[in-house]
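Trainee: I am new to this structure. Can you show me how to read its cysteines and one of its interfaces?

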Amino acid sequence: MQRIGVFVCWCGSNIAGTVDVVAVAEALKKEPGVVFSANYQYMCSQAGQDLIKNAIKEHNLTGIVVCSCSPRMHEATFRKTAAAAGLNPYMVEIANIREQCSWVHKEMPIGTEKAIILGKAAVAKVNLNTPLVPGESPVTKRALVIGGGIAGIQTALDIADAGFEVDIVEKKPTIGGKMAQLDKTFPTLDCAACILTPKMVDVAQNEKIRIFSYSEVTDVKGFVGNFDVTIKKKARYVKEELCTGCGACTEKCPMKKVPNDFNLNMDTKRAIYIPFAQAVPKVATIDPDYCNMLKNGKCGVCSKVCAAGAIDYTQKDEFIEEKYGAIVVATGFNPISMDKFDEFAYNQSKDVITSLEFERLTNAAGPTAGKLLRPSDHKHPEKIVFVQCVGSRCDACNEKGKEYCSKICCMYTAKHAMLTRDKYPDTEVYVFYIDVRTPGKNFDEFYRRAVEEYGVHYIKGMVGKVVPEGDKLIVQASDLLDNKQLKIEADLVVLAAAIEPDKSARPLATLLTASMDTNDFFTEAHPKLRPVESPTAGVFLSGACQGPKDIPETVAQAGAAASKVIGLLAKDKLTGNPCVAHSNEMMCNGCSSCERVCPYGAITYEDKEFRMPDRTTLMRRIAVVNPAVCQGCGCCTVACPSGAMDLKGFASEQIIAEVDAICK
Amino acid sequence: MKFSYFPGCTLKNKAKSLDIYARRSAEKLGVTLEEIENWQCCGGVFTTAKDEVATKLSSVRILKDAQKKQQALVTVCSACHNVVKQTNYAMQNDKEFAGKVNRYMSEDEYNGETQIYHYLELLRDVIGYDKIKESVVNPIGKKVAAYYGCLLLRPNAVMRMDDPENPTIIEDLIKALGGEAVIYGYRNECCGGYVRMESPELAGKKSQTVIESAKKAGAEVIVTACPLCKYNLEKSGCDIPVVYLTELLAEALGVKEDTNE
Amino acid sequence: MSNSKKYLQEEIIRTSGVNPKKCMRCGKCSATCPAYDEMEYHPHQFVYMVESGNIEPLLESDSLYRCLTCFACVDRCPRSVEPAKLVEAVRLAAIRKQGNNRMTANDVPELIDDETPQQLIVSAFRKYTK
């Protein structure tokens, strides 16, 4: 028989306001096995914990029930308290009488009655608890960063700086991400390339960092500290180790009309290409959709001009298997498609562009060598209209856009408007806004400068329709403060398209068993207190894959994710969760039902010899759980048809005892 | 192939050619349009108010009639199509409204089961533009501006005919008929509609915007499916022909005979 | 808000099925409206004035009869507010009052010509008369 202590917390008035804590303590005292019962204002405080410790020692308690807040809040706290008093921490049960009781009830009698019932259930469970000892698992001291934009780069550099090995997997031929496409950065206007490319070079030169460019993660197995990852290195038909990045092939390739995705298809590249001059790795890649040699065996020019002999038309996709202790997701974002917003005529006129396209048009390395020329006729635009919030802040019923604010658009639009006015004072610039949102250091000052010093026309209202007419774009818009409808004849219209997570994020989340919100942004373990960890142990989040972010925020989060990774990799061993599944070999009939439902691959089978009553032996196939891999989800216990599979700490008989106690 | 057909009142009077050419072209393409018996006027506009029931009953009768014959319903006039389709959508999605209608109509319950095709959708989705292209005997050979107006496309959540901001259903038909489709900015803008009745100036301005836009883009002829659009454009000083799309179709298919019969 | 104002507001919201609180005041409805210049109160004002219960000025305004019901504001509103349905509900509240018909059958002969399509006459009656 257990000797159980019950500790009822007031949580100030949080619980005591709607639950008669004295009555709860009194009622639970009468439950089987309970030898001690107390109540206290704040059980989680030092004094409260001391009360528990003393009671354990004085009354030789073998188990305790704390009636308090959610176990998510303080289960760990009270387990530590018990351990400090010499009690096995798994002999502690929490009855959640705050979130699931006092906060949801208004009347004292009802709250008290429910608190007693919840307490009884916890007591019934503790009566059947047994001490559990967690196992340990080693930690592979290497991290994987998925995505090589500024988020991934910064995370990798910080982890490497602490002395750990890091691999970056980037699906494009070069690292750099969206930031490499930008011209200048707000609010300081330093050039994106000038601050990004040195970091890219640092990555390339860092002995601790390996870059898998033009690669994707195709499989993830294992668990925190011990992930087994398969990386697909796509065939680029160029031997990376031989290519010197001289660019001779990219000049001689006769296939000139390949859309250049780095410049958002506003110009063309060759079928063999290096995305941009500062690419890392600076290695050529052949686009198999356009290369004549790969398509029909007729060409081979690049191979002839390559002095290094790096071209290899027979290259195949390569699969690499690596072990990692931690995984950081840094898959980034993309602007949404403008197809469903053709009231702005994006698909009807070349001179209606997105803001990212505008970045390329003003970038010295872009399709116009940095001269602001409109795409249709390469004329200098004299009147530009910027439209904010295209596809952001939409109603949930609106099938076209996103519900959230994309956060970065107000600032980059102010930047575009300001830079245009700075470089081309003859160009008139209009910005249509719903609200100007500038919460950031020196952000509002920056926006005000655009208005006051650079004379950008900010108009409160939205654009309703853009009509291409001749070589002009008729922009029909609201001026809400003047209560007028405006018709502006513009030369260029720039749409601040909402941003969304990269399309690769959803399948990756499935591989990682990491959770996502309805917008496909990765969910953090806690929105305030654990913002860079995913709820899946060992998986961390960096940058816009978790939500819209600008560069300063991304870099800050990247560093935070790195520090969490370093904290994990610094450990030699990880303490596991002892609440894992185990199979009763006498009842198991080896049917494989449990193996099929296990999301972690923790269940295998072995043939075991059983001695029968008549002294014969029988070979039987039985399930075996690897406790280091099992996460204690309990799927197998439900799937098992013979009831052989059970979960330590949450055994079927414990759950039924709880239900019985509630229904009594 | 047989379909139930609702021409509407204007097609029996001022827009006879819209109706006649629609039937002849359909026959030529192997589709028979069976006119619903004893139909009533749809009312011209769909009243969006949720408590308007009586004004929508004629549309429900038309829809139920098609359902009884187990046929899909074809409409040609943009206004009829808009009213009947919005009514059907309300029967599917507004339980309170559907309940009132069904209680009133004392026959079998109707919940928006009938499938509705605009004549253009019949051409595109049932017959197919490829087949139409093969049947063309007199290619149009002109620059034709498609005028959608508002009723065919909006509200898009109900109409679902095409991208409401950048439609192609008429342009693709023009191309199939051997014409050159002219794209212009105001092709999905309102002609001024019923406001012509009390404010011809407002309707005139709206129509002129459309006409100017089409002409600037090089149009030689404007094509529409809506009698009111045609009227408004013609009354607003349009100096290029405005024709019904069924007339264009009949001409291309070689079935445009004398209609003063 | 007085009780009569409140009752009118509730009626408009109920008959239109529109929730004006969804509006984020972007003004795209008014930006997109082809009848804007002929209106005293513009689509975004309809939404705001219904939300704040200030509906009487709308009932008296010719703006009710300038809305073309072209649904451009309905399709383009990022918040799915559907301003045209609100205008329609206010218009009905106006013409449903006894003696408030804007057009009678006697007015018609003067307003039409030989080519006037039947569609125009029935549409106008739907909009102006109850």
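Mentor: Begin with a definition: a disulfide is a pair of cysteine sulfur atoms within 2.5 Å. Keep in mind that this is a predicted model.

Trainee: How many disulfides does the structure hold over all chains?

Mentor: The count is 1. A:Cys191 and A:Cys194 are joined, S to S 2.2 Å. The torsion about their S-S bond is about 95 degrees, so this disulfide is right-handed.

Trainee: Is A:Cys194 buried or exposed?

Mentor: A:Cys194 counts as exposed, at 51% relative accessibility. Its partner A:Cys191 has 21% and counts as partly exposed.

Trainee: Which cysteine sulfur is nearest to that of A:Cys101?

Mentor: That of A:Cys67, 9.7 Å away, and A:Cys101 is in no disulfide. A:Cys101 is buried, with a relative accessible area of 0%. B:Cys41 is in no disulfide either; the sulfur of B:Cys9 is its nearest, 3.5 Å away. The cut-off is 2.5 Å, so a 3.5 Å gap does not count.

Trainee: Now the interface. How is its size given?

Mentor: Often as the accessible area lost when the parts come together. Chain C and chain B bury about 3900 Å² between them, 57% of it on carbon and sulfur atoms. In contact are 42 residues of chain C and 47 of chain B.

Trainee: How many salt bridges does the rule find across the interface of chain C and chain B?

Mentor: There are 9. One of them pairs the side chains of C:Arg102 and B:Glu198, at 2.7 Å from N to O.

Trainee: Which helix of chain C gives the most to the side that touches chain B?

Mentor: Helix 8, with 10 residues. By class, that side of chain C has 19 nonpolar, 7 polar and 16 charged residues.

Terms used:
Residues numbered from 1 in each chain as written. Chains lettered and ligands numbered in written order. Predicted model: local features only at pLDDT ≥ 70, side-chain atom pairs only at ≥ 80, totals over all residues. Heavy atoms only, no water. Buried < 20%, exposed > 50% of the residue type's maximum accessible area, 1.4 Å probe, protein only. Contact = heavy atoms within 4.5 Å. Buried area = accessible area lost by both parts, 1.4 Å probe. Salt bridge = Lys/Arg side-chain N within 4 Å of Asp/Glu carboxyl O. Helix = DSSP H or I, 4+ residues; strand = E, 2+ residues; numbered from the N terminus. Nonpolar A, V, L, I, M, F, W, Y, C, P; charged D, E, K, R; others polar.
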